[in-house]
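Here are a few exercises to work through with the coordinates loaded. Try each task before you read its solution.

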Amino acid sequence: MMNLSTAAQNALPSGVRRMFELAKKYDDSINLTLGEPGFTAPEHIIEAGIKGLKDKKTKYTPNAGIKELRDAIAWKLEKENGIKCNPDKNLIVTAGATQALMLAMVTLVNPGDEVIIQGPNWPDYKGQIDMVNAKTVYAKVDDKNDFKMTADIIEPLITDKTKLIIINSPSNPTGGVLDYDALLEIAELVKKHKIFIISDEPYEKLVYDGFEQKSLASIPGIEEYVLTINSFSKTFAMTGFRVGYICSSERIMENLIKLHENMVASVPEPMQ
C-alpha cells in the first residue's frame, strides 16, 4: 500500500479541538477551549449576510475579494493601524486568519526551512509548519519575560535556515503583548537578517489597562518582509463567517493570490 503524504502523516490534531469536541457532549459545561468571544455577532452583521443571500450574491468573486471590502479594510488599516495598504495591490481577503496563515506559509516557506514561533503558542502554527515540511523553532516565553516574544529572545534562534518569524500580539494563549519599543527592536532584527515576518493580529482589540496596540507593519523600512494578518472573528464574534485578510508587499501579494486561487478560489460574497 502506498504511503500518504508526509504532511498528512506529520499533522497532529489540536488538543484544543479535542477538548472542544468533548465539552460539546455536556450540557452544563463552560466552554473555554476555542478563541471565541462570549457574545454573538452584532445584528447588523447578521442582517448583512442574510441580505447578501437574498440579493443572490452566490457567485464567485475576484480571488482577492470584493473591492468594497478591500477598500474598507485598507481604510481601516491606515486609520487604526498606521499601515498604508493599497487595496488593489497589497490586500487579499481569505477564509479566516487560519487560511491566511496557511496561504502565507505555502508562499514563503520551503521544506527544510526554519520558522520561529512563540512557545507556548496557538497549536495550528506548528501544524501548518509541519504541513510544508519545515522545522519549528520555539522562542520560549514565560512569566519571567512577561510572556513577550522580544528581539533578544528571537535573535539567538536565527540561523542560515531561518525563513520566517511569526509574532502574535496580543497573544493566544498567553495574553502577552508587545509594546511599540519591542516592535521597533523586532523591526531592526528583520532589517538586519532580511527574514520574512508575519504579524498575526486577530486579538488586536482585546487589550486592557490602557495598553496602546501597535502594528509591526506601521514601522517603515520592513515593507518587503512583513505580512499583517487579521480577521473579524474576535473583534466582532464572527468566527463562523470565516473572513480574514493579509496585507503585504506587492511581490508577495502576487503570489498569495495565485496560490489562494488553488486553495479556495474566493470567500463567499455574503460573508464578505
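**Exercise 1.** Find how many disulfides the structure holds, and work out which parts of the chain they tie together.

*Solution.* Keep in mind that this is a predicted model.
- Step 1: run the search over the whole structure, and you get 1 disulfide.
- Step 2: pick out the partners. They are Cys-85 and Cys-247, with an S to S distance of 2.4 Å, inside the 2.5 Å cut-off.
- Step 3: check the twist. The angle about the S-S bond is 130°, making the link of Cys-85 and Cys-247 right-handed.
- Step 4: place both ends. Cys-85 sits in the loop between α4 (67-81) and β1 (91-94), while Cys-247 belongs to strand β7 (residues 244-247), so the bond ties together parts 162 residues apart in sequence.

**Exercise 2.** Decide whether Cys-85 and Cys-247 are buried or exposed.

*Solution.*
- Step 1: the cut-off for buried is under 20% relative accessible area.
- Step 2: Cys-85 comes out at 7%, so call it buried.
- Step 3: Cys-247 has 6%, so that one is buried too.
- Step 4: for context, 47% of the 272 residues in the protein are buried.

**Exercise 3.** Work out how compact the protein is for its length.

*Solution.*
- Step 1: count the elements, and you find 9 helices and 7 strands.
- Step 2: compare the radius of gyration, 19 Å, with the 19 Å from the globule rule for 272 residues; they are close, so the protein is as compact as a globular protein of that length.
- Step 3: look at the contacts. Of those between residues at least 6 apart in sequence, 70% join residues at least 24 apart.

Definitions and conventions
Residues are numbered from 1 along each chain as its sequence is written. This is a predicted model: local features need pLDDT of at least 70, side-chain atom pairs count only at pLDDT 80 or more; totals for chains, interfaces and linings use all residues. Side-chain values use heavy atoms; hydrogens and water are left out. Helices (H or I, at least four residues) and strands (E, at least two) are DSSP runs, numbered from the N terminus. Buried means under 20% relative accessible area, exposed over 50%, partly exposed in between (1.4 Å probe, protein chains only). The radius of gyration is taken over C-alpha atoms; the globule rule is 2.2 Å times the number of residues to the power 0.38. Contact means heavy atoms within 4.5 Å.
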